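Please open the model in a viewer and keep the sequence panel visible. The tour below proceeds by selection, with a description of what each one shows.

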Amino acid sequence: MARACTIMPSMIGAKFLVHNGKEYLPVQITEEMVGRKLGEFSHTRKSFTYRLTKNKMKLSSAIAFGAAIFSAMAGTSAACPDGEHGHNHHEKRIMASEVQPGNSTICQVIQNNKSWAADMQRKNPDYFTNLAKGQSPKILWIGCSDSRMAVDVLTQTNPGDIFIHRNIANRIPSEDLNALSVIEYAVKHLKVQHVVVAGHTGCGGIKAAMSNESVGILDHWLRPIKDLYIANEEEINSLPKDKRADRLGELNVIHGVRSVAKLPVVHEAWKAGQELYIHGWMLQLNTGLLKDLDVSVVGIDQVKKLYRLEQPEH
């Protein structure tokens, strides 16, 4: 456990060798290390709490020690080398359940979790022991962040069955390292057999993309969907107004399926004989049913040759 010692202004220039019987790298705190004349600090009485680690102080810690002294003299807080950035050990720690009075939303969530865990344990005493051993999902689900798209509920699956990635309007940008990392991990390491790109009716992100109203940073995120709308404007605008956003949502899902099918990690899996299928679905919120858009990709033969990248020969 780390222990604290208090460094006073008067300790500048002192050698720091031993704490609680343990040796540490000697550190000479000099005027050069704090960068100011010692006399300039005579007005302050502030102290700085510095965390000592179990191990011998490293050179980087020694430098940070000098910087900490300077910070204390100047009346500011300094970052502790062990990662506890200015943490006040006397401040009260507040539990989530204490934020609002009883029967609040957050309290209910915590209580629901306790009830669920107890119920699962009662039904199967080994459930959590087995769950903790690892995961082997067969499906990667790439869906919208909309709170109504509760994947495990609408598919009646259990923890460990589906690997999930979600974002606004279920986009799959070719430059998004977040989405690409999820796909690579799911395909290459988890060996999922199915990738589902899932949108839903009444998507707020899709509706925003069809509007001129700014939605802040989302304007950048939704711009490709605006491009998709413009590219298919004639078809979409030929539909009744209440059907247009949902059709653009379907086109966005189809675009996502094609984007996944173009990824090198997917091609590598197919070339290695891995069973992998990519699907496009839409959740109909008014019925709760998933609509298959009939755009599944089952192999590299369905991908245009220009996207089938080959490794250069050496």
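Begin by selecting N167 in this predicted model. Leaving aside its neighbours within four places in sequence, N167 is in contact with G143, C144, S145 and W221. N167 is found in strand 6 and, at 9% relative accessibility, counts as buried. Display polar contacts here: the side chain of N167 reaches the backbone nitrogen of R171 at 2.9 Å.

**The whole chain**

Zoom out to the full chain before continuing. The secondary structure of the protein chain comes to 11 helices and nine strands. Of its 314 residues, 34% are buried. Among contacts with a separation of 6 or more, 61% join residues 24 or more positions apart.

**C144 and the cysteines**

Next, select C144, one of the contacts of N167. C144 is buried, with a relative accessible area of 5%. Which cysteine sulfur is nearest to that of C144? The sulfur of C203 is the nearest, 4.1 Å away, and C144 is in no disulfide. A disulfide requires a pair of cysteine sulfur atoms within 2.5 Å, so the distance of 4.1 Å between C144 and C203 does not qualify. A search of the whole structure finds zero disulfides. Select C107 as well: C107 counts as buried, at 18% relative accessibility.

**Two positive phi angles on either side of strand 6**

Select Q156, in the loop between helix 5 (151–155) and strand 6. Q156 is not a glycine, yet it has a positive phi of about 50°. Then select A169, in the loop between strand 6 and helix 6. A169 is likewise not a glycine and has a positive phi of about 65°. Are these two residues buried or exposed? Q156 counts as exposed at 67% relative accessibility, whereas A169 is buried, with a relative accessible area of 0%.

**Helix 6**

Now select residues 177–189, which form helix 6. Helix 6 has 13 residues and reaches 17 Å from its first C-alpha to its last, close to the 18 Å expected at 1.5 Å a residue. Colour the buried residues of helix 6, which are A179, V182, I183, A186 and V187. These buried residues cover an arc of only 115° around the axis, which puts them on the same side of helix 6. On the other side, L177 and H189 are exposed.

What covers the buried residues of helix 6? The elements that do so include strand 5 (139–144), strand 6 (162–167), strand 7 (194–200), helix 10 (241–261) and helix 11 (264–271).

Inspect both ends of the helix. D176 caps the N-terminal end of helix 6, with a side-chain oxygen 3.1 Å from the backbone nitrogen of N178. Just after helix 6, K191 takes a positive phi of about 60°.

**A186 on the buried side**

Select A186, in helix 6. A186 is buried, with a relative accessible area of 0%. Beyond its neighbours within four places in sequence, A186 is in contact with L140, F163, K191 and V192; K191 is the residue with positive phi just after the helix. Add P137 to the selection: A186 and P137 are 49 residues apart in sequence and 8.5 Å apart in space, C-alpha to C-alpha.

**I183 and the largest nonpolar core**

Move to I183, another of the buried residues of helix 6. Setting aside neighbours within four places in sequence, I183 is in contact with L140, I142, I172, V260, L263 and V265. Extend the selection to the largest nonpolar core, which has 50 residues. Those with the most contacts inside it are L140, I183, V195, V260, W270 and I278. Which helix supplies the largest share of this core? Helix 10 does, with eight residues. In soluble globular proteins, nonpolar side chains tend to be buried together.

**L285**

Finish at L285, in the loop between strand 8 (277–284) and strand 9 (289–292). L285 is partly exposed, with a relative accessible area of 29%. Select M149 too: the C-alpha atoms of L285 and M149 are separated by 8.7 Å, although the two residues are 136 residues apart along the chain. Leaving aside its neighbours within four places in sequence, L285 is in contact with R148, H200 and T201.

Definitions and conventions:
Residues numbered from 1 in each chain as written. Predicted model: local features only at pLDDT ≥ 70, side-chain atom pairs only at ≥ 80, totals over all residues. Heavy atoms only, no water. Helix = DSSP H or I, 4+ residues; strand = E, 2+ residues; numbered from the N terminus. Expected span 1.5 Å × (residues − 1). Buried < 20%, exposed > 50% of the residue type's maximum accessible area, 1.4 Å probe, protein only. Arc of directions from axis to C-beta. Contact = heavy atoms within 4.5 Å. Polar contact = N/O pair within 3.5 Å; in protein donor to acceptor, adjacent residues only side chain to side chain. Core = buried A, V, L, I, M, F, W, Y, C linked by side-chain atoms within 4.5 Å.
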